Amino acid sequence: MGRVKYAAKNITFGWLGNIVTLLLGALLRQIFIDRLGDTLTGVNDYYTNILTVLSLAELGIGTAFNFSLYGPVARNDYEKIKSYMLLYKKAYWTIGCVVGAAGTAIAPFLKYLIEDPGSNSWRDLTIYYFIFLFNTVSTYFVSYKYSLVNAQQKNYIQTNIITITKAVTVSLQIAGLLLMPDFYLYLLTSAGVELVQKIFVSVYLNRMYPYLSEKNVQKLSKEEVGEIVSQTKALVFHKVGDMARLQTDTMIIGAFIDVTTVGFVGTYNYVISSVSNFVNIIFNSVLSGFGNLIATEKKEKQYLMFKVYRFAACWIYGFSAIGFYLMLTPLIMLWVGESRVLPDLVIGCIMVDYYFKGERIVLSNYKTAAGVFEQDKYLTLIQGAVNLVISIVLVQKIGLVGIYIGTIVSGLIANITKPFIIYKVCFGKKAYIYFRESVKYISINAAVLLLLIWIKSRMMAVVTIPAFAVMVAVISAVYNGVFLAVFGRCEEFQYVWGLIMGKLKRK
């Protein structure tokens, strides 16, 4: 199966899985808010974020190993695959222990990290936290096995397992909340189902790759281990910086505003992440294909694929960012009520960062596939420091919007610097080409946004379900019509169109 077919299969199963989890998750969140309240919603989101920060302990090992496996997988070098996977197993088991120890060390300080926990006792809040910690730590003892699946471009296997687990978990949690609304039962249901899933994954992948259970495994050479260590060291800086920039917003809200606001922001983030997952699936599904492309094709072909990748990102992320900005607040009003709506300025800041994040995903994914980690290893540390300083200073002066100003400013540092690295190292070209295209894409998106704001002011004076549906259709037609009219003849669009038509003809 070729790269395009693998990518198409990964995208198809990814979308199907996302539809299932989106619908069930939306229902679960609404029932959770109704039965357990806004404060526990905030606690749930806050602990999820803290444990995401703890996963920093992976320190980029997963990314480094996935890159190292692309070559052996492309050559069907099973002995080398076994060697890498044994090292991967040892590394991840060690990480699991480190995360467990670090998570336990944080527990006594929870009372200093949560502002206004409502009627929840610190005893209960601590026990809730340890259930979250168990779920996170236990993941490390099986997740390393997915690296081989993903290196073979079979991401859909992991997607399908996660989708089934999520569907079962959410269904049981909904039933529990309706019959006996208790946060302990809610958390233990998730922990029990996920534990069964982890045992299944371990057995299933052992049968899928029986050679991984063989005892005669050759040790990697010092050069091979040294290369992984070098890449991992560079990725440590990336991970630390990313954590400080991307995972601290919720913690700052919880510490400087209150945990209930964490829940309000979490509802917006749930919608954004649920819908943007459809977008991310497209771009993440081709990551392993890029690794194979870089290992087997010439730079000219690599550059063409990068341009196509970037063009698709600017179109899709532009469309979704504008759609979110115009329709996210009306959706929240219809879904959970006007009392949980955030200010328009906050939404605008979130969407500005969302659009530029789309460009960063393209740059970061290509760098990851190409194994380019060393050149900008200190960049994310700078970004993280900038984000923390600006966010903490501004949240105390102008509130919630100040946090997102810090996020935007720190993110743009990568948008400006990464193109220089990629164009020089990967393509041997000048980066001004990238920025020239950026100005063109941003200008078109800004013009369409102004047009759609004017249309919305005329068509949606009152928020109703019919008006919402009509406005979504209008945004889709106008945005994509303008983008197609402007870029329909460009090389990147013609390539994508050729793939689509070729696939339809084969059917």
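Visitor: Why is the crossing of H15 and H16 called right-handed?

Guide: Because the near helix (a DSSP run of H or I, at least four residues, numbered from the N terminus) is turned clockwise from the far one by less than a right angle, the crossing of H15 and H16 is right-handed. This is a predicted model, where local features need pLDDT of at least 70, side-chain atom pairs count only at pLDDT 80 or more, and totals for chains, interfaces and linings use all residues. Residues are numbered from 1 along each chain as its sequence is written, and side-chain values use heavy atoms, without hydrogens or water.

Visitor: What makes H15 roughly antiparallel to H16?

Guide: Their axes, lines fitted to C-alpha atoms over the stretch in contact, come within 6 Å and cross at roughly 160 degrees. Over 145 degrees counts as roughly antiparallel, so H15 earns that description beside H16. Their contact (heavy atoms within 4.5 Å) involves 13 nonpolar, nine polar and one charged residues.

Visitor: And how do you know that H10 and H15 are roughly parallel?

Guide: H10 (residues 249-256) and H15 (residues 379-398) cross at roughly 30 degrees, with axes within 11 Å. Angles under 35 degrees count as roughly parallel, so the pair qualifies. H10 contributes Asp-249, Ile-252 and Phe-256 to the contact, while H15's residues include Leu-388 and Ile-392.

Visitor: What makes Tyr-423 stand out in the largest nonpolar core?

Guide: Together with Tyr-47 and Phe-183, Tyr-423 has the most contacts inside this core of 122 residues. Helix H13 (residues 299-335) gives the most to the core, with 16 residues. Beyond four places in sequence, Tyr-423 touches Tyr-303 and Phe-306, among others.

Conventions. Axes fitted to C-alpha atoms, helices over the stretch in contact; angles between N-to-C directions. Helix = DSSP H or I, 4+ residues; strand = E, 2+ residues; numbered from the N terminus. Parallel < 35°, antiparallel > 145°, perpendicular 65-115°, else oblique. Core = buried A, V, L, I, M, F, W, Y, C linked by side-chain atoms within 4.5 Å. Buried < 20%, exposed > 50% of the residue type's maximum accessible area, 1.4 Å probe, protein only. Nonpolar A, V, L, I, M, F, W, Y, C, P; charged D, E, K, R; others polar.
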